[in-house]
Amino acid sequence: MSTTEVRSDNTIGKAVAAKVDMKLEIVVIPVSDVGRAKEFYERLGWRLDADYDNGKDFRVIQFTPPGSGCSVIFGTNVTAAAPGSAQGLYLIVSDIKAARKELLDRGIQISQVFHDASGVYAGKDEPYLFGRLRVSGPDPEHRSYRSFASFHDPDGNGWLFQEITTRLPGRIDSSATTFASVSDLASAFRRAESAHGVHEKNVLGGKRDENWPEWYAAYMVAEQAGTVLPT
């Protein structure tokens, strides 16, 4: 899960990190019609990792979203949870408009992009990270963590896109800069290009920056690490 709120206490980051890797790799999705669910997740364009059936009373299907290290499974006799009861499943994207268009192009119904109401959490909307009030449109300041769009599978299991372009400090391994996909890397280049244009105009007086590769690299590393961005 990802939030943007920074707690006021000073306990975050001080707990001793576990020495053994514990990787979240599977989320179980309760469905009522396995074939229908398989068709839906195939339409999303997710990678089909497994479809095993013992021929009697057990079937398990595994899909992995593009760029994700975590997969979902569903099937027959894989969970006692009620179909449709999985809610608040977040898919992190770097460009929420592009991600939403991708689903629309695949014939998937998805909400309009929305953002939170800046400290107002109660309302009549479907709950998400920032409460129950959804304001239409992306975050006006295009802040990381603050723009969403939601969709459901045929059983009603609830998914949300959340746009994250810059991670809050302490939420990633700051010693490594990685991109999960070509699309994510391309989006990072575009943001760096835009910021570099401002740099050339305001700092270099409109002159071309011969050292733009170093500037791009510094910007992309800082953006992902959540440190101060070059200007």
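**Entry 1: what covers helix H1**

I began with the cover over the buried residues of H1, which includes strands S2 (47-53), S3 (59-64), S4 (71-76), S8 (147-152) and S9 (158-163). I noted that the model is a predicted one.

Next I looked up which residues of H1 are buried. H1 spans residues 34-43, and its buried residues are Val 34, Ala 37, Lys 38, Phe 40 and Tyr 41. I counted a residue as buried when its relative accessible area was under 20%. These residues lie on the same side of H1, because they cover an arc of only 165° around the axis.

**Entry 2: the two ends of H1**

I checked the N-terminal end of H1 and found Asp 33 as its cap. A side-chain oxygen of Asp 33 is 3.2 Å from the backbone nitrogen of Gly 35. After H1 comes Gly 45. I read a positive phi for Gly 45, near 90°.

**Entry 3: the sheet of four strands**

I turned to the strands. A general note for myself: strands of a sheet pair through backbone hydrogen bonds, in a parallel or an antiparallel way.

I traced an open sheet of four strands in the order S1-S4-S3-S2. Its pairing is mixed. At the edges I found S1 (26-28) and S2, each pairing on one side only. From one strand to the next, the twist averages 20°.

Then I asked how many bridges join S3 to S4. I found five, and the two strands run antiparallel. Phe 63 has Val 72 of S4 opposite.

I also looked at where H1 sits. H1 lies across S2, S3 and S4. The helix runs at about 15° to S3.

**Entry 4: the sheet of five strands**

I followed a second order, S5-S9-S8-S6-S7. This is an open sheet of five strands, again with mixed pairing. Which strands are at its edges? They are S5 (89-93) and S7 (135-136), and each pairs on one side only.

I looked at S7 and its partner. S6 (residues 114-115) pairs with S7 over two bridges, in the antiparallel sense. Phe 114 has Ser 136 of S7 as its bridge partner.

Last, I looked up helix H2, residues 96-105. H2 packs on this sheet and touches S5, S8 and S9. I noted that the direction of H2 makes about 145° with that of S9.

**Entry 5: back to H1**

I put two notes side by side. H1 lies across S2, S3 and S4 of the four-strand sheet. The cover of its buried residues also includes S8 and S9, which belong to the five-strand sheet.

Notes
Residues numbered from 1 in each chain as written. Predicted model: local features only at pLDDT ≥ 70, side-chain atom pairs only at ≥ 80, totals over all residues. Heavy atoms only, no water. Buried < 20%, exposed > 50% of the residue type's maximum accessible area, 1.4 Å probe, protein only. Arc of directions from axis to C-beta. Contact = heavy atoms within 4.5 Å. Polar contact = N/O pair within 3.5 Å; in protein donor to acceptor, adjacent residues only side chain to side chain. Pairing = 2+ DSSP bridges. Axes fitted to C-alpha atoms, helices over the stretch in contact; angles between N-to-C directions.
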